[in-house]
Amino acid sequence: MTLPAERKTKKITVRPADFEAELPAIVALINAVEPHDPTTVEKELEHYRADPPECRTQRLVAVDDQGRLLGLAYMTHPFWSPARHYYVWIGVDPAFQGQRA
């Protein structure tokens, strides 16, 4: 498949999310990936702030050379889960799926 020029990107950077600052873009990405289960900024912020300190969570974003959010990875070990049991969610903006980095 050949993608239009505006979808092509030269460089992708994966870095820790600046969650509160990037939250509107993160919510837009989640809703694009999972339109059957939409979320809101308020709902995601509530979940983020409710995480207890013992809940180990990592959020990573993939951005292109223009600063566009292309993907999100969310990994957590909820405090109620057994040892070595994790929840992982990875989403890529549908407009950028299928591209090779």
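Which side chain does the side chain of Thr76 join in a polar contact? The points below address this and other features of the predicted model.

1. **Thr76.** The side chains of Thr76 and Thr57 are joined by a polar contact of 2.8 Å. Thr76 belongs to strand E3, which spans residues 69–77. Its relative accessibility is 5%, so Thr76 counts as buried, the limit for that class being under 20%. Apart from residues up to four places away in sequence, Thr76 touches Cys55, Arg56, Thr57, Tyr86 and Tyr87. Thr57 therefore appears both in the polar contact and among the residues that Thr76 touches.

2. **Overall arrangement.** The protein chain contains two helices and four strands. Their order along the sequence is β-α-α-β-β-β. The chain has 101 residues, of which 31% count as buried. When contacts between residues at least 6 apart in sequence are considered, 50% of them join residues at least 24 apart.

3. **Packing of the two helices.** Helix H1 covers residues 19–33 and helix H2 covers residues 41–50; their axes come within 9 Å and cross at roughly 125°. An angle over 145 degrees would count as roughly antiparallel and one of 65 to 115 as roughly perpendicular; H1 and H2 are therefore oblique to each other. The crossing of H1 past H2 is right-handed. On the H1 side, the contact is made by Phe19, Glu20, Leu23, Pro24, Val27 and Ile30. On the H2 side, Val41, Glu44, Leu45, Tyr48 and Arg49 take part. By class, the residues of this contact comprise eight nonpolar and three charged, with no polar ones.

4. **Leu23.** One of the H1 residues in the contact with H2 is Leu23. Leu23 lies in helix H1 and has a relative accessible area of 2%, which means that it is buried. With neighbours within four places in sequence left aside, Leu23 is in contact with Val41, Glu44 and Leu45. These three residues are also listed on the H2 side of the helix contact. Leu23 and Glu42 are 19 residues apart along the chain, and their C-alpha atoms are separated by 9.4 Å.

5. **Ile26.** Is Ile26, a residue of helix H1, buried or exposed? Its relative accessible area is 1%, so Ile26 is buried. Beyond residues up to four places away in sequence, Ile26 touches Ala17, Phe19, Val61, Leu69 and Leu72. Among these, Leu69 and Leu72 fall within the residue range 69–77 of strand E3. Ile26 and Thr40 are 14 residues apart in sequence, and the distance between their C-alpha atoms is 9.8 Å.

6. **Arg84.** Where is Arg84 found? Arg84 is in the loop between E3 and strand E4, the latter comprising residues 87–92. Its relative accessibility is 73%, so Arg84 counts as exposed; the threshold for that class is over 50%. Arg84 is not a glycine, yet it has a positive phi of about 65°. Most residues other than glycine have a negative phi. The backbone of the model may therefore be inspected at this position, given the positive phi of Arg84.

Terms used. Residues are numbered from 1 along each chain as its sequence is written. This is a predicted model: local features need pLDDT of at least 70, side-chain atom pairs count only at pLDDT 80 or more; totals for chains, interfaces and linings use all residues. Side-chain values use heavy atoms; hydrogens and water are left out. Buried means under 20% relative accessible area, exposed over 50%, partly exposed in between (1.4 Å probe, protein chains only). A polar contact is a pair of N or O atoms within 3.5 Å; within protein, one must be able to donate a hydrogen and the other to accept it, and residues adjacent in sequence count only if both atoms are side-chain atoms. Contact means heavy atoms within 4.5 Å. Axes are lines fitted to C-alpha atoms, for helices over the stretch in contact, and angles run from 0 to 180 degrees between N-to-C directions. Angles under 35 degrees count as roughly parallel, over 145 as roughly antiparallel, 65 to 115 as roughly perpendicular and the rest as oblique. A crossing is left-handed if the near helix is turned anticlockwise from the far one by less than a right angle, and right-handed if clockwise. Ala, Val, Leu, Ile, Met, Phe, Trp, Tyr, Cys and Pro count as nonpolar, Asp, Glu, Lys and Arg as charged, and the others, Gly among them, as polar.
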